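Here are two short exercises to work through with the model open beside you. Try each task before reading its solution.

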Amino acid sequence: MTGDPPAKISLRNVVKRFGGNVVLNGLSLDLQAGRNLALIGSAASGKTVLLKCLVGLYPIEGGKIEIDGTEISSLDTAQREKLMDRFGVLFQRSALFDSLPVWENIAFKRVTVGRARRRDAREAAILRLRQVGMAPETADLYPASLSGGMQKRVALARAIMEEPDILLLDDPTAGLDPILTRVINELIATLAQETGATVLSITSDMDAMRRDYPAVAMLHDGRIIWQGATSEIDHAGNPYLDQLVNGRPDGPIKMRLRKRAA
Ligand SMILES: Nc1ncnc2c1ncn2[C@@H]1O[C@H](COP(=O)(O)OP(=O)(O)O)[C@@H](O)[C@H]1O
Ligand SMILES: [Mg+2]
């Protein structure tokens with residue numbers, strides 16, 4: 001029998017809720033190995049929740065998530081940690097360790113579990129710093145003294161440090177200027193190509209999405225409502241997709257604006 005290889009990442013009818021708030025409502029998504037997919041959706045549509053379910057930070061209430069054909073809920077802690085070693089993750093708020101200098105944040109895995117010599121790990125971290133456009137001198141600074149954009153780049157350097165098999169990025173270019181946005185997105189694309197990594201990148205930058213990502217999936221109402229090549233967006237005839245990518249205030253997506261309490 002022939003057919004597509006098993007998906008690198010597969011979500012099947014995933015349900016995730018917080019109390020009565022059903023965030024993921026039967027969500028399905030397949031991502032083949034080596035693909036580079038942008039995940040879009042309006043604010044609070046559940047993009048970050050999806051990513052946290054993928055890395056096992058949030059348990060799911062229904063459906064299943066498979067990585068390389070293995071259901072992650074079936075793994076014990078040791079197996080899950082082994083799997084996690086193959087992930088590079090950049091969280092939305094960077095989530096750097098405040099008490100560690102920049103280089104140790106980047107080389108964290110290598111220093112703690114990899115038993116690398118500190119000097120070698122520092123050198124390797126500086127190489128990554130250069131890749132994300134930062135000077136070697138920043139290696140010894142602490143995260144608190146960096147701007148938000150710089151923290152983001154350090155977090156990206158950390159995510160790509162060990163050339164992960166799967167790279168999950170939560171808005172990697174939010175808060176960066178247009179030039180850096182371009183540099184970082186091109187770096188992600190190059191990295192994906194060179195290392196064969198599978199990339200899932202949440203983005204709210206629609207220009208960057210069109211320019212730098214070959215494929216896109218849109219999350220709305222707890223499901224993936226459209227998935228396809230970025231070049232197809234304008235011919236998709238999907239009013240939700242159309243509204244989001246063109247930033248139209250009017251359309252089928254209703255912003256959930258809370259009424260101010262009196
Ligand atoms: N830990 C949590 N506890 C309760 N509700 C949460 C939690 N994390 C996210 N949510 C809710 O899930 C929804 C989706 O959030 P999120 O995934 O962060 O949105 P976004 O698409 O902007 O990343 C929101 O309504 C948010 O309030
Ligand atoms: Mg988010």
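**Exercise 1. Work out which elements supply at least two residues each to the shell around ligand 1, and which of them gives the largest share.**

Solution. Keep in mind that this is a predicted model.

- Step 1: List the residues around ligand 1: Phe18, Asn21, Val23, Gly41, Ala43, Ala44, Ser45, Gly46, Lys47, Thr48 and Val49.
- Step 2: Assign them to elements. Both β2 (21-31) and α1 (47-54) supply at least two residues each.
- Step 3: Compare the shares. The largest, three residues, belongs to α1.
- Step 4: Sort the shell by class. Five residues are nonpolar, five are polar and one is charged.

**Exercise 2. Find the strands that pair with β9, and say in which sense each one runs.**

Solution. Let's take the two neighbours in turn.

- Step 1: Locate strand β9 at residues 215-220.
- Step 2: Look at strand β3 (residues 36-40). β3 and β9 run parallel and are joined by four bridges. To check the register, find Ile40, which stands opposite Met218 of β9.
- Step 3: Turn to strand β10 (residues 223-229). Its pairing with β9 is antiparallel and spans six bridges. A handy marker here is Ala215, whose bridge partner in β10 is Ala229.
- Step 4: Follow the chain through the hairpin of β9 and β10. Two residues lie between the strands, and Asp221 has a positive phi near 55°.
- Step 5: Is β9 mostly covered or mostly open? It is mostly covered, with five of its six residues buried.

Terms used. Residues numbered from 1 in each chain as written. Chains lettered and ligands numbered in written order. Predicted model: local features only at pLDDT ≥ 70, side-chain atom pairs only at ≥ 80, totals over all residues. Buried ≥ 20, exposed ≤ 12 C-beta atoms within 10 Å, placed from the backbone. Pairing = 2+ DSSP bridges. Near = placed C-beta within 6 Å. Nonpolar A, V, L, I, M, F, W, Y, C, P; charged D, E, K, R; others polar.
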